[in-house]
There are 2 protein chains.
Amino acid sequence: MNIGDVADLSGLPAKTIRYYEDIGLVEPLRSANGYRSFRQSDVHKLAFLGRARALGFTIEDCRSLLKLYADTDRASAEVKQIAEEHLDRIDRKIAELTEMRATLSHLVDACAGDHRPDCPILADLAMEEGKTRTARAAD
Amino acid sequence: MNIGDVADLSGLPAKTIRYYEDIGLVEPLRSANGYRSFRQSDVHKLAFLGRARALGFTIEDCRSLLKLYADTDRASAEVKQIAEEHLDRIDRKIAELTEMRATLSHLVDACAGDHRPDCPILADLAMEEGKTRTARAAD
DNA sequence: CATAAGGGTTCCATTCACTGGAAGGTCAAC
DNA sequence: GTTGACCTTCCAGTGAATGGAACCCTTATG
C-alpha cells in the first residue's frame with residue numbers, strides 16, 4: 001500500500017507517517033520505484049499510534065507501548081504504569097488550566113468591556129506587589 | 001539594575017528576560033560595559049509579562065496587552081476580547097483533556113496491572129475497526 | 001508523442017516559548 | 001593575581017509535527 005492509502009485508513013496525514021518512519025516508529029518496505037510500501041501490520045501500528053496520540057501519550061510513551069504490545073509476554077503492570085503516569089500528567093494539566101480559568105474568568109467578569117479605558121484585567125496584570133488584587137478579593 | 005537583580009525581582013529567569021528583549025517585549029538600556037541596564041519601568045513590564053504568561057496568554061497576546069496597557073485611552077473592550085478568546089482556548093483545552101482523562105481512566109481501571117500479559121489498555125489501542133471497545137462499553 | 005494531473009520522494013525551515021551550553025568579557029574581593 | 005560570580009553573544013535543541021520547494025513516477029488523454 002502507498003502512503004496515501006495508509007493515510008486514509010489510519011487517519012494520519014502522510015506527512016506525519018513519514019515523520020513516524022523518520023523517528024523509527026514504523027519501518028515500511030520500499031517498492032522498486034522508491035515509494036514506501038506499507039504492510040497490513042504497518043497500517044495496524046499506525047492506527048495504534050493514532051489512538052495512543054489521541055489519548056495524549058507522548059511519542060516516547062508510544063514507542064514503549066508499541067514495544068510492550070509486540071511482546072506478548074509483557075506484564076500488564078508495565079503498561080498500566082505508563083498509563084497511570086500519563087493520567088497524572090493529565091490531572092496536573094487540568095488542575096493548572098482550571099486555576100488559570102478561575103482567575104481569568106474573575107477578571108473577565110469584572111471588566112466592563114466597553115469604550116472606557118478602566119480595565120481590571122490590565123490592573124491585575126500590572127499590579128504592584130503588596131496591593132490588593134481586587135479581582136481576586138473573593139479568594 | 002543588572003539582569004540578575006531583575007530576574008530575582010520579576011521571578012523570570014535571566015535567560016527568559018534576554019529572550020523577551022530579543023523578541024522586542026522589553027528594551028533595556030545598556031551600560032558602558034555592555035551589560036543590560038533595566039529601569040523601574042522595565043522591571044514592571046517584566047512582572048506584567050510574568051503574570052500574563054502565568055495565566056497562559058501567548059507571547060503575542062502579551063505583546064497586545066502591553067500595548068493596550070501603555071495606551072491609557074484604550075477601550076476595556078479590546079482587553080476583554082483578548083481575555084475572552086483566551087478563556088475559550090482554555091475551556092477547549094480542559095474539555096479535550098477531560099475527555100482523554102475519562103477514556104484513559106476507564107482503561108486503567110480495567111487493567112489488572114499484574115504479572116500477566118492480558119491488558120485492556122493495549123487491547124483498546126490495538127483495536128480493529130468494527131470490534132467492540134470493551135473498556136468503553138459503558139459510553 | 002507530449003503533457004497534465006495526481007500521486008510519490010527528499011530536504012530544509014518554521015512553529016512556540018523557551019532552555020542549555022560553550023566561549024569569553026567584567027567586576028569585586030581576598 | 002586569581003578566584004568566583006556575574007555578564008555577554010551565539011548556536012543548538014526541545015515536541016510533534018507542518019509547510020513548502022524542487023523534483024520523480026504513473027496513468028490518462030489529445
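Contact here means heavy atoms within 4.5 Å. I also note that helices (H or I, at least four residues) and strands (E, at least two) are DSSP runs, numbered from the N terminus.

**Entry 1: ground rules**

I am working with a predicted model, where local features need pLDDT of at least 70, side-chain atom pairs count only at pLDDT 80 or more, and totals for chains, interfaces and linings use all residues. Residues are numbered from 1 along each chain as its sequence is written, chains are lettered from A and ligands numbered from 1 in the order in which they are written, and side-chain values use heavy atoms, with hydrogens and water left out.

**Entry 2: α4 and α5 in chain B**

I looked up which residues touch between these two helices. From α4(B) I found B:D61, B:S64, B:L65 and B:L68, and they meet B:E78, B:V79, B:I82 and B:R89 in α5(B). Sorted by class, this contact has 4 nonpolar, 1 polar and 3 charged residues. My key for the classes: Ala, Val, Leu, Ile, Met, Phe, Trp, Tyr, Cys and Pro count as nonpolar, Asp, Glu, Lys and Arg as charged, and the others, Gly among them, as polar.

Next came the geometry. Helix α4 of chain B covers residues 59-70 and helix α5 of chain B covers residues 76-110; they pack at about 160 degrees, with axes 10 Å apart. Axes are lines fitted to C-alpha atoms, for helices over the stretch in contact, and angles run from 0 to 180 degrees between N-to-C directions. I can therefore call α4(B) and α5(B) roughly antiparallel to each other. The naming goes like this: angles under 35 degrees count as roughly parallel, over 145 as roughly antiparallel, 65 to 115 as roughly perpendicular and the rest as oblique.

The crossing of α4(B) and α5(B) is left-handed. That word applies if the near helix is turned anticlockwise from the far one by less than a right angle, and right-handed applies if clockwise.

**Entry 3: α3 and its partners in chain A**

How do the axes of α1(A) and α3(A) cross? Helix α1 (residues 3-10) and helix α3 (residues 40-54) of chain A have axes that come within 9 Å and cross at roughly 45 degrees. That makes α1(A) oblique to α3(A). Their crossing is right-handed. On the α1(A) side I wrote down A:V6, A:L9 and A:S10, which meet A:V43, A:L46 and A:A47 in α3(A). This contact has 5 nonpolar, 1 polar and no charged residues.

I then followed α3(A) to helix α4 of chain A (residues 59-70), where the packing angle is about 135 degrees and the axes are 10 Å apart. These two helices are therefore oblique to each other, and α3(A) and α4(A) make a right-handed crossing. Among the residues in contact are A:F48, A:L49 and A:A52 of α3(A), with A:I59, A:L65 and A:Y69 of α4(A). The class count for α3(A) with α4(A) is 8 nonpolar, 1 polar and 2 charged.

**Entry 4: DNA strand D**

Which residues come closest to DNA strand D? I found 18 residues around this strand, and the closest are A:K15, A:Y20, A:R53, B:G4 and B:R36. (A residue is near a molecule or strand if one of its heavy atoms lies within 4 Å of it.) Sugar and phosphate make up 68% of the atoms of strand D that come within 4 Å of the protein.

For polar contacts I used pairs of N or O atoms within 3.5 Å; within protein, one must be able to donate a hydrogen and the other to accept it, and residues adjacent in sequence count only if both atoms are side-chain atoms. A polar side-chain atom of A:T16 lies 2.8 Å from a phosphate oxygen of strand D, and one of B:R30 lies 3.3 Å from a phosphate oxygen of strand D. The side chain of B:Y35 has an N or O atom 3.5 Å from a base oxygen of strand D. Helix α2(A) gives the most to the surface near strand D, with 4 residues.

**Entry 5: DNA strand C**

Around DNA strand C there are 18 residues, of which A:G4, A:R36, B:K15, B:Y20 and B:R53 come nearest. A side-chain N or O atom of A:Y35 is 2.9 Å from a base nitrogen of strand C. B:R53 puts a polar side-chain atom 2.7 Å from a phosphate oxygen of strand C. Helix α2(B) gives the most to the surface near strand C, with 4 residues.
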